[in-house]
Amino acid sequence: MRLLTHNMLSSNIKGVANGFPLRIEVEKVIEKQVELNADFLRNLFPKIEWKALLDAARTMGYAELPEEADSPMLDSDEFLNKFHHALLELHLEEGALVCPETGRRFPVNKGIPNMLLHEDEV
Amino acid sequence: MLYNVLRVIRCFYQSQQACSVLTIAQSLHQSGIFSTMREVNIKGASGLCTLVSDGQSDIPQSVSDSENMGKSSFSVQSTPEIEKKYVHHVYDAIAPHFSSTRFAKWPKVATFLSSLPSGSLVLDAGCGNGKYLGLNPDCFFIGCDISGPLIKICADRGHEVLVADAVNLPYRTGFGDAAISIAVLHHLSTEIRRKRAIEELVRVVKKGGLVLITVWAVEQEDRSLVAKWTPLTEKYVEEWIGPGSPHARSPSSLPLESIPENEDNGLRDHIKDSRENSMEEMPETSHLASKGKNDSLSLKHEKNTMNQQEYFVPWHLPYHRAEVSGASACALANGLAKKDDKKGAVVYNRYYHVFSEGELERLASGMDNAVIVERFYDKSNWCIILEKIL
């Protein structure tokens, strides 16, 4: 699971008012390089909840992102590289995503989160 | 006793969720004895009641008013039994075989994806084996499917995927640039769930975002393929699916005996994976030679089932593929699959609600935050493109 996906994921358990962001429990992180696409990053930037990305990256062991970010920074290659790395090159292979309100753990195995709810959670 | 049985059955009509009545109906299905269903219900009345009390913690006594629907314990997001048994478990069991036959890219989907702006984030809900993930190299795809085994296949190919339910997407609102739902909604067994899935697709894209939805059509180009399906009769629909089913309850529903079984059609001289299971999201022209007998059976079948929208569609899993799975042994033991030695395959049934002309549009047109910008019929599928406007 990439942090791009994590930034989109939200706990949809019945009764939860705000299930975003999910807290990350790390067991295994891997890094996989992928080509940088500046257009794509610029398109994504407005969608991203920066604080959630910042915290998630730190949890995954990457602390290079600035505390705050705004769109002019997208003109900087250095920023783009860091943004790209955090968003697309860090993978949570094993661990869990935790609902911020209920504490319910959604397992992540082999990089795949399982977000299916149990009968009593819908 | 009959009155009590009928009252219990009525409670299930009004619930969103088919329940343990399935087990009785299922064995009847396999023996093909529908005319005696009522009789069996009476005989098994105490058994039925036992199933009732075992299956549900509280049975709504007065759920006839629609406002109770939402408040009842049967949420639209709860997966009905028919979908668990005849969609989820089947795809889990056949995943690798299914995936190996799903490779042809439907041009209409490819065109849609290619038309998206470079750098778009595309969400594929019900992505299956990930056939369309990455189809446009300038876009980034995130796929989800309810089948873990299918998602594993996607992940092995390097795609960004997760296991999730299309009726309740675990996504923040408005995050995606576009979304696709290719041959998915016809596996949902109630109108409310199908509508909810459409609403979810619209919810997860941004304002101005596009959503492409395709579903199997009642109006199939190749009628001889339809003859291989098992129609679920009125009794099935009422007991397993409940009031969500949109098609009219006509008293002229034909008993099962008049519908030819797969095996009776056996004029096939060979069974190849792709041919036997060729009826998929891009149905191809039937490879079966059009014999005279087949024609008359097909015509009769077609005439008899004009209003029919609920079907079991077979999937033939060759024995050499089934051993790898292990799930097939369980499925056979549970009666969810049958062996066909003649074809050397385990036969699974998948539940489908095929869409009639205009039905998909009708479902989508009630939305206040999206409009239909395109509608078309292509290769036996009804398709629409929605644009989110609010």
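This is a short chat about chain B and its interface with chain A in a predicted model.

Trainee: Ground rules for the model?
Mentor: It is predicted: local features need pLDDT of at least 70, side-chain atom pairs count only at pLDDT 80 or more, and totals for chains, interfaces and linings use all residues. Residues are numbered from 1 along each chain as its sequence is written, chains are lettered from A and ligands numbered from 1 in the order written, and side-chain values use heavy atoms, without hydrogens and water.

Trainee: How many residues does each chain bring to the contact?
Mentor: Chain B brings 31 and chain A 27. Contact means heavy atoms within 4.5 Å.

Trainee: And how much area do they bury?
Mentor: About 2500 Å², 60% of it on carbon and sulfur atoms. That is accessible area (1.4 Å probe) lost on putting the two parts together, summed over both. In chain B, Glu160(B), Arg172(B) and Phe175(B) lose the most, together 27% of what that side buries.

Trainee: How many salt bridges cross the interface?
Mentor: The rule finds 3. It wants a side-chain nitrogen of Lys or Arg within 4 Å of a carboxyl oxygen of Asp or Glu. Lys47(A) and Asp177(B) form a salt bridge at 2.7 Å, N to O.

Trainee: Which strand gives the most to chain B's side?
Mentor: S3(B), with 4 residues. Strands are DSSP runs (E, at least two residues), numbered from the N terminus.

Trainee: New topic. What share of chain B is buried?
Mentor: 56% of its 390 residues. Buried means under 20% relative accessible area (1.4 Å probe, protein chains only).

Notes:
Buried < 20%, exposed > 50% of the residue type's maximum accessible area, 1.4 Å probe, protein only.
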